[in-house]
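Trainee: Please give me a close reading of one helix packing and the core to which it belongs. I would like the terms stated with their cut-offs.

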Amino acid sequence: DGKMALTDKLGQFFPELPYKSVTVKQMLNHTSGIPEYFKFSYSEYDTSEFVDNEQLLKVLAKGNHSRAFYPGSQYAYTNTNYAILASIVAKVSGMSFEEYVRQNIWEPAGMKNTYFFTELIGLCDHTLKETPVEKGQVFASARIAKDKVSVPIACGHWKSGSVALYDRLNAILGDKGVYTNAEDLVRWTNAYFIDYKILPKEIIDEATSTRNKTIKGTIPKDLYGYGLHLENKEHGFIIYHGGLWNGFHNLWLYRPKDGLQIIFLSNFYNYSHPGQSKLFLDLFDKAGKI
């Protein structure tokens, strides 16, 4: 909508933060040098309720966490980047991040089974209620804030098999905090990368090209665009991203040349699929030649 640019600096949106010279682009491609909030002590937050983006910004504003490196000089995947970007979206749009994403991404893509953690029943009042066990699986009820539709939401599990209790950082959005299913991820992939219902092709092309080159011209081993890992090896060009959090372990992969999509969603945190994309692609391409 022309309300912001990739070259805009963080200080334009949140002048109270100490990383004023970092650009939107540097946060998108993880070359910002902003520290990882996962490493902060829980004692820095008010954990009597779920910690949200607003509280994270207040912690960052105290200036107790120095940057990891000069902006643009290195690449380091950092969840704080996307939490701050979500807060920028909310500030620029004048809407909550949840409302903006639902109206501008999920609804246009036809995603009807996708929710933010902050939309879950029994969690908005910041309580940790026990949930019933049904057929070996633990569920918590969830709803869309407006129409109160209830759906089952799976809980994460640790390698031991125990249920992962809700982490107090669950309400920080932008880097995590989304519940979805494979069908909706296919809808998102089709709308975003194939039908261009979300953004025009030229922006998608930019987002899916290497953007994490350092100011010295060095290209990291891990190629990254805007919010997307990239790889171009024996199986051709692929776009992918994994995710780990609170008993969940996920992988999404898309290969533009033939439209192949691989989605692996697990609520069992057992490291069964990291680094297995090559195996999946080997199997698929071998089957295609038979």
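**Packing of H3 and H4**

Mentor: The protein has an accessible surface (Shrake-Rupley method, 1.4 Å probe) of about 15,300 Å², and carbon and sulfur atoms account for 54% of that area. The model is predicted, so local features need pLDDT of at least 70 and side-chain atom pairs count only at pLDDT 80 or more, while totals for chains, interfaces and linings use all residues. Numbering runs from 1 along each chain as its sequence is written, and side-chain values use heavy atoms, without hydrogens and water.

The protein contains eight helices and ten strands (DSSP runs of at least four and at least two residues, respectively). Of its 290 residues, 44% are buried (under 20% relative accessible area, 1.4 Å probe).

Helix H3, residues 53–61, packs against helix H4, residues 79–93, at about 115 degrees, with axes (lines fitted to C-alpha atoms over the stretch in contact) 10 Å apart. In this contact (heavy atoms within 4.5 Å), H3 contributes Asn53, Leu56, Leu57 and Leu60, and H4 contributes Thr80, Ala83, Ile84, Ala86 and Ser87. Six of these residues are nonpolar, three are polar and none is charged.

Leu56 and Ile84 also appear in the largest nonpolar core (buried nonpolar residues joined through side-chain atoms within 4.5 Å), which has 29 residues; both are among those touching the most other members, as are Leu10, Met27, Tyr37, Tyr45 and Ile88. H1, H2, H3 and H4 each supply at least two residues, and H4 gives the most, with five. Leaving aside residues up to four places away in sequence, Ile88 touches Met4, Leu10, Phe13, Phe14 and Met27. A second, separate core of 19 residues includes Ala86, Trp188, Tyr192 and Phe193.

Terms used:
Axes fitted to C-alpha atoms, helices over the stretch in contact; angles between N-to-C directions. Nonpolar A, V, L, I, M, F, W, Y, C, P; charged D, E, K, R; others polar. Buried < 20%, exposed > 50% of the residue type's maximum accessible area, 1.4 Å probe, protein only.
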